[in-house]
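Here are my notes on the model you sent over, in the order I worked through it. Have the viewer open as you read, and colour by chain if you can.

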Number of protein chains: 4
Amino acid sequence: MPLPKRLIDGYVNFRSGRYASEAERYRKLGEGLQKPSIMMIACCDSRAAPETVFDAGPGEIFVVRNVANLVPPYTPDGGHHSTSAALEFAVLSLGVKHVVIMGHGRCGGIRAVAQPGSPLTDTDFIGRWMRPVRDVARVVPRPAAMTDSEHERHIERASIEHSLANLHTFPWIRMRENQREISLHGVWFDIALGELHVYDEDKAAWAPLEVEGR
Amino acid sequence: MPLPKRLIDGYVNFRSGRYASEAERYRKLGEGLQKPSIMMIACCDSRAAPETVFDAGPGEIFVVRNVANLVPPYTPDGGHHSTSAALEFAVLSLGVKHVVIMGHGRCGGIRAVAQPGSPLTDTDFIGRWMRPVRDVARVVPRPAAMTDSEHERHIERASIEHSLANLHTFPWIRMRENQREISLHGVWFDIALGELHVYDEDKAAWAPLEVEGR
Amino acid sequence: MPLPKRLIDGYVNFRSGRYASEAERYRKLGEGLQKPSIMMIACCDSRAAPETVFDAGPGEIFVVRNVANLVPPYTPDGGHHSTSAALEFAVLSLGVKHVVIMGHGRCGGIRAVAQPGSPLTDTDFIGRWMRPVRDVARVVPRPAAMTDSEHERHIERASIEHSLANLHTFPWIRMRENQREISLHGVWFDIALGELHVYDEDKAAWAPLEVEGR
Amino acid sequence: MPLPKRLIDGYVNFRSGRYASEAERYRKLGEGLQKPSIMMIACCDSRAAPETVFDAGPGEIFVVRNVANLVPPYTPDGGHHSTSAALEFAVLSLGVKHVVIMGHGRCGGIRAVAQPGSPLTDTDFIGRWMRPVRDVARVVPRPAAMTDSEHERHIERASIEHSLANLHTFPWIRMRENQREISLHGVWFDIALGELHVYDEDKAAWAPLEVEGR
C-alpha cells in the first residue's frame, strides 16, 4: 500500500518550499551529527508539535514525544526506558543546555485518566504508562465548582510539575544543575488560544508567557 | 531561569505568523480531542521533524519520537513501555489508519552502535535502549569496499525493517492489517539531500519517493 | 541464649532513670496511637541516633533507619518498599509536618561505594541497595587535591540531595508541599565534632547549623 | 523553610548536655568506622526508640527501623530490599553478634491490619508492606472473650515470631547460628508500662524480662 496521499502531497510542498529555500542548510546539517542546545519532551498529540509552536528549523530542538509528555522516575534497572535513554543521549552525548517539558490542553491521555471509567486503563500499555498520572491526579484537589475542563487542566499541569521533579532525580542532570550547566523548564500550550504558559518552579506558579506583539 | 531566548523568539513568530493566520483552525481543534489518521514513529533528531518534512499542520499526524525511531517487540509484561503505549493509544483509541516509521541519515544513535568502542554502550539507558539495533547491526553484511557512511545507512534501514516486523507482532495491529483497516510504512529521510526513501515490504526494497516537481 | 548483658543493663538504667521520671508520660502515650509531627529518615549507624542528636523524648519523632539514609524513587510497582511504606504511613496516616533526611560522616555504606573495589558491591542486597549512591558518586567531581575523606563527605551530602529530589516525586508529598502543609529538610551530622550541617535547597548549599551557646 | 524549632532546641540541648560530656568519645568514634556488636530491627514508632529503652550511647547498637519492625523473607531477586541490605551489612561487614527484633504495643501499623476496613490497605506501599502481617494475623486465634487490644498484642507478637523465622532463612545468618557466632532475639515493649517482654524461641513463649530493681 502506498504512503497516504496527504504525506506525499506534504513532501512535495516541503521540496518546493522549505527545502528549496534551505537546501544549503540541510546539506551542511547532513554532513555531520546534530548539535542542538535544547531538548524538548512533548506529547504525541497531533495539535502540539514543538517545531510549530516554537517556529523551529532543522537542527534546533532534540524532541522526545510520548503520550502525555511524561518523564518517568530515574530507575536504572536494566529496563528498556525510552525517555530516560533519550535524556541520557541528549545530556551526556549532545550536551544540551535546556530540557523543556511541554504539555498542552485537551490531552486525550490525561482525559482518559481523569475519567475513572475509561476503558484504556485496563489495556496492556496505556494503563501502565499513565499510572504516574493517575497517582498525580488523585492528589489534585477538585472543589465542587470546578468544571471537568478546569480539572483536566490542573492535572495536565500537575503532571508536568511531577515530571520536572523526576528530572531532578537523574544524577547527571542534578550535577549539571548544581553547576549551572543545564536548566529545566515546564511549559503548557493552550491549543484553542495558541497560548503558552510557563511554570515558575521557585514560586510553584503558572503564568502565560508575556511577549511583545501578542 | 527564563526560557531560552530562541524559544521565546520562535513563539513570537508563531503568534504573529502561523497562529495569526490559522486562529480559527486552532480554536476548533482545541474544542475537542484530536482525530489524526496518521501515526508516525520518528527519531528525536533535531534535523528530521516529521511535521517539517511532510509539511503537516496541527491535527494531522500523531507523532512518537524516540532515539533511533525504534518499535520494541510486543511485550505485555506490566512494564512502562512508552512506544507501545503510544501505539496502543493511536490504534485502539484514535483509530489511526497508517503507522509510519521514519528513519533518517547520520543518526547519532545508530552511529554509536555501529562504532563498537562507543562509550554510550556502557551507560545505564542508551546502551540498553539501542540493544535491538546492535543485534540488527551484527547481521548487516559489510563488504570490504563499503564506507562507514554506507554501512550506517544500511543499519539505519535494517533497523526500520526490524521495527516494521515488530509492529506486525502487536495482536491488535495484525488483526487490523488482516482486515485492511490499517497499513504500515517505513520511510528514511536523507537530511543532506532532503530526499525521502520508501520501503516496499513486499519487494523488501528501498527506493526514493518519486514525485512530480522534484 | 539470653539477651546480651549490655541490653539488660541498659534496660535496668531506663527503668530506674528515664522511665521512673516519665512514667506518667509513657502511660498516656501508651493509651492511644502516636501523633508525632516530625519524620526522620536516618542511617542505621550506631553513632548517629536521631533521638540522641536532637535530644528527643518518646512520641516526638517517627524514625525510619536504613543503610545510608536513602529515599528510593517513587515506584508504585507493587514491590515491597520499606521506606516508601513508612513515608506513606507518616504522611497520609500520621500527617507529619516535616520530613528530615539525616546523613552523617564516616558512613560505612558510602565508603563501600566510594571505594570501587569494595567486596560488598557484589553481594545480594547491599550492592543493589547502594546502587543509587554509586550513580550519585559517579557525578561528584573529585579534584586532584581532594582527600578520600573529603570525597566521601561530598558523596554523603550529594546522596542526601538526591534523596530530597526523590522525596519531591511522591505525589502526596508534592501536593502538600504546594499547599505549604509539609516541609522537607536535609541535615548531615559530623560525628567527630558533634556538629550538625543543614542543606539549603534554594541555594543548593550546606552550612553548619548556627545556634546560640554552641 | 528552617528546621522545626523542636529539633533546633533539641540540638542545643545535645551540644550543651550529652555532647559536652562525651566529646572525647564522639571524637574517637568519628575517626574510623563503627564497630557495634548488636543489631536491632525496630519500629518507626516515635514512642519506642531502642536507644531510649536500652539506654544506649553512640556506637552501641546498629538500628534498622521500618513500619512494624518486619524482616521480610530471604529473596535475592535483584530487588531493592532495605532491611535485607541492612542485615547483610551488619552481619557480613560489621560482624554483629546479636540481632534483636523489637516490637511494641499499640502499633499503628498492626492496628491498620487488624481492622479489616482500614483505608491504608488500599494504598500503594503500606498495603503491600504489611501484607505479611495480614497473613500472620489471619492465623492468630481470637477467642470470643478477647478484646481488640489483646488481639492486637497477639498479632504484634506473632509477627515478631514470624520475622525471627524469616531471619533463620538468610543463609549467612543460619551458618553463623550453627557455628554459635550469632544469636537472634525477639523483644516486645509495653509503652504504657515501660515494660519489656522477651520471646523464648525454644519454649515458644513470651515473658516479662525480670530484672533486679524493677
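1. Start with the salt bridges between chain B and chain A: there are four of them. One of these joins A:Arg6 to B:Glu60, and the closest N and O atoms of that pair sit 2.7 Å apart. Do keep in mind throughout that this is a predicted model, so please read every distance here as a computed value from that prediction.

2. Polar contacts between chain B and chain A are worth a look too. The count comes to 37 residue pairs, with both partners at pLDDT 80 or more. If you want to know which element of chain B gives the most to the side touching chain A, go to helix α1, residues 5–29, which puts in 14 residues. By class, that side of chain B has 52 nonpolar, 26 polar and 19 charged residues.

3. How much area do chain B and chain A bury between them? About 8,600 Å², with carbon and sulfur atoms accounting for 64% of it. On the chain B side, B:Tyr11, B:His80 and B:Phe125 lose the most area to chain A, and together they make up 10% of what that side buries. As for the residues involved, 97 from chain B are in contact with 97 from chain A.

4. Now set chain C against chain A. Here 25 residues of chain C touch 25 residues of chain A. The buried area is about 2,100 Å², and 57% of that comes from carbon and sulfur atoms. In chain C, the residues that lose the most area to chain A are C:Val139, C:Thr169 and C:Arg174, which together give 23% of what that side buries.

5. What about specific pairs across the interface of chain C and chain A? Zero salt bridges turn up there. Polar contacts do appear, in six residue pairs with both members at pLDDT 80 or more. Three helices of chain C, namely α6 (131–138), α7 (148–167) and α8 (171–178), each supply at least two residues to the side that touches chain A. The largest share, five residues, comes from α8(C). Sorted by class, that side of chain C has 12 nonpolar, seven polar and six charged residues.

6. Inside chain A, have a look at how helix α3 (residues 82–94) packs on helix α8 (residues 171–178). Their axes come within 10 Å and cross at roughly 40°, and the crossing is left-handed. From α3(A), the residues in the contact are A:Ser84, A:Leu87, A:Glu88, A:Val91 and A:Leu92, while α8(A) brings A:Trp172, A:Ile173 and A:Arg176. That set divides into five nonpolar, one polar and two charged residues.

7. For chain D, look at helix α3 (residues 82–94) and helix α8 (residues 171–178) as well. These two pack at an angle of about 35°, with their axes 10 Å apart, and their crossing is left-handed. D:Ser84, D:Leu87, D:Glu88, D:Val91 and D:Leu92 of α3(D) meet D:Trp172, D:Ile173 and D:Arg176 of α8(D). By class, the contact of α3(D) with α8(D) has five nonpolar, one polar and two charged residues.

8. Last, back to chain B for a salt bridge within the chain. B:Arg27 pairs with B:Glu24, and the closest N and O atoms are 2.8 Å apart. Because B:Arg27 and B:Glu24 are three residues apart in helix α1 of chain B, about one helical turn separates them. For the full tally, a search of the whole structure gives 57 salt bridges over all chains.

Technical notes:
Residues numbered from 1 in each chain as written. Chains lettered and ligands numbered in written order. Predicted model: local features only at pLDDT ≥ 70, side-chain atom pairs only at ≥ 80, totals over all residues. Heavy atoms only, no water. Axes fitted to C-alpha atoms, helices over the stretch in contact; angles between N-to-C directions. Helix = DSSP H or I, 4+ residues; strand = E, 2+ residues; numbered from the N terminus. Left-handed = near helix turned anticlockwise from the far one by under 90°. Contact = heavy atoms within 4.5 Å. Nonpolar A, V, L, I, M, F, W, Y, C, P; charged D, E, K, R; others polar. Buried area = accessible area lost by both parts, 1.4 Å probe. Salt bridge = Lys/Arg side-chain N within 4 Å of Asp/Glu carboxyl O. Polar contact = N/O pair within 3.5 Å; in protein donor to acceptor, adjacent residues only side chain to side chain.
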